[in-house]
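Reader: I would like to go through this structure with you before I set anything up. Could you show it first?

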Amino acid sequence: MEALLNDWLWQEEYWLPPGISWKDMDAVEGEGHLPRPRDLIYTFPLALSFIALRYVFERLVAIPLSRLLGVKDRIRVRAPLVPKLEAFYKQNSRQPTQSEIISLEKQCGLSQRNIQSWFRHRRNQDRPNNTKKFCETPWFWHQKECWRGYPKQLVARPHYWYYMLEMAFYLSLLFSVSVDVKRKDFKEQVVHHIATILLIGFSYCANYVRVGTLVMLLHDSSDVLLESAKMLHYAVWTTTCDSLFVVFALVFLVTRLVVFPSRVVHTTLVVSLDFFQPFFGYYFFNALLLVLQALHIFWAYLILRMVYKFAFSGKVERDERSDADSEVDEDEEQDHEEDEGECSWQQRNGTINSKLASLANNCVLNNLTNQRNINSRLRKTR
């Protein structure tokens, strides 16, 4: 099986330009080493280490830091325990249809309004709070240097570790994506993580390391700003958050919509052909880059919408990528206001009833007193 896998998976035409063999690669000498597919096995324990480090960091650093910065969690109404509704919520749907609500009404003996309110409160219990969200070279200037001597290019130790840590990081994101805050672009995020992992893994095996470092560097430059802005948003540092968001938007739009296609995609699609003939790896690698570029355009659209709102409202209201799963239902707040209004009305009504009862009692007492006085006068007259 291993021999069959090696014969099929590691065919030279998949990974190397025409005229280059694995033996030619073995004969390369100099400082550094050639990338080997088996090196990527180290990214899996590193990914697990990232997850463990993140777990410890969130509890020992992020949560105390969020409290220090003044991050406050919204107080949410907990749904009362109703076994049949809880079973439906977990096994069927978190948002029942009208016909399902009618069926649940018959089973539980609750009104439709109470059932709808219960599901809203129950969904909000599963939503993350603000504290949790607080805690989720030469060829850079001269692109021809990416391909000079390709594929017989040795990988320096810093670039090797950059690759290993970057791939381990994205593996950890993919492993933990199901428990992170879900947003509108959840599917796009999964596609992005998979495409990035494939890009890193394939570019390492095919020795596209020089181009790969450029791709990772462009992505990391704006991601740091985004995560910092999100932390400040949950800490309600509005002015600093808005300023940092503007910087992030500029960096993102320039790196993802200008530098990435004009430098990276252009050099892999056009400049590389000056050094070797197209092969499978050429088409596969460029296809993944184009998938990333499509995602960049999608996110740039969301960011520009936020910039537009910021320009007219003067502040960033919320993340355009936020999903209903990460925001409290407006209906719940409306329900809460209605409940408060109802309680207030009941209090006022109770006060009025109390006053009416007091007046009624006074009237009765006065009537009894008058009646006694009349009877007393009649006796004296007799």
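Reader: What volume does the second largest cavity have?
Author: The model is a predicted one, in which local features need pLDDT of at least 70 and side-chain atom pairs count only at pLDDT 80 or more, while totals for chains, interfaces and linings use all residues. Residues are numbered from 1 along each chain as its sequence is written, and side-chain values use heavy atoms, with hydrogens and water left out. The second largest cavity has a volume of about 80 Å³. A cavity here is a set of points, on a 1 Å grid over the protein atoms alone, where a 1.4 Å probe fits but cannot get out, and its lining residues have an atom within 4 Å of a point. Grid points are joined across faces, edges and corners, and the volume is the space filled by probe spheres set on the points.

Reader: Which residues line the second largest cavity?
Author: Its lining consists of Trp15, Leu16, Trp22, Met25, Leu34, Pro35, Arg36, Pro37, Pro151, Cys205, Ala206 and Asn207. By class that gives 10 nonpolar, 1 polar and 1 charged residues, where Ala, Val, Leu, Ile, Met, Phe, Trp, Tyr, Cys and Pro count as nonpolar, Asp, Glu, Lys and Arg as charged, and the others, Gly among them, as polar.

Reader: Anything odd in the backbone there? What is the peptide bond from Tyr150 to Pro151, cis or trans?
Author: That bond is cis, with omega near 5°, and Pro151 sits in the loop between α9 (138-141) and α10. Asn207, in the loop between α11 and α12, has a phi near 60°, which is positive although the residue is not glycine.

Reader: And is Asn207 buried or exposed?
Author: Asn207 counts as buried because its relative accessibility is 3%; buried means under 20% relative accessible area, exposed over 50% and partly exposed in between, with a 1.4 Å probe and protein chains only.

Reader: Now the largest cavity: what is its volume, and which residues lie nearest its centre?
Author: Its volume is about 100 Å³, and of the 13 lining residues, Leu199, Ile200, Gly212, Val215 and Met216 lie nearest the centre. The elements giving two or more residues to this lining are α10 (157-175), α11 (186-205), α12 (209-234) and α14 (280-313). Helices are DSSP runs of H or I with at least four residues, strands are runs of E with at least two, and both are numbered from the N terminus.

Reader: Back to α10, then: what does Met164 touch?
Author: Met164, which lies in helix α10, touches Asp39, Leu40, Thr43, Leu46 and Tyr204, not counting residues up to four places away in sequence; contact means heavy atoms within 4.5 Å. Met164 is buried because its relative accessible area is 0%, and its C-alpha is separated by 9.0 Å from that of Ile200, 36 residues apart along the chain.

Reader: Different topic: which helix has the lowest mean pLDDT?
Author: Among the elements, helix α15 (residues 330-381) has the lowest mean pLDDT, at 47, and helix α13 (residues 238-269) the highest, at 89; pLDDT is the predictor's confidence in each residue, from 0 to 100. Over residues 321-353 the pLDDT is below 50, and this stretch has 49 contacts in the model beyond near neighbours in sequence.

Reader: How many helices and strands are there, and what does the protein average in pLDDT?
Author: There are 15 helices and 0 strands, and the protein averages a pLDDT of 75, with 71% of the residues scoring at least 70.

Key. On a 1 Å grid over the protein atoms alone, a cavity is a set of points where a 1.4 Å probe fits but cannot get out, and a pocket is an open set with protein on both sides within 12 Å along at least five of seven lines; lining residues have an atom within 4 Å of a point.
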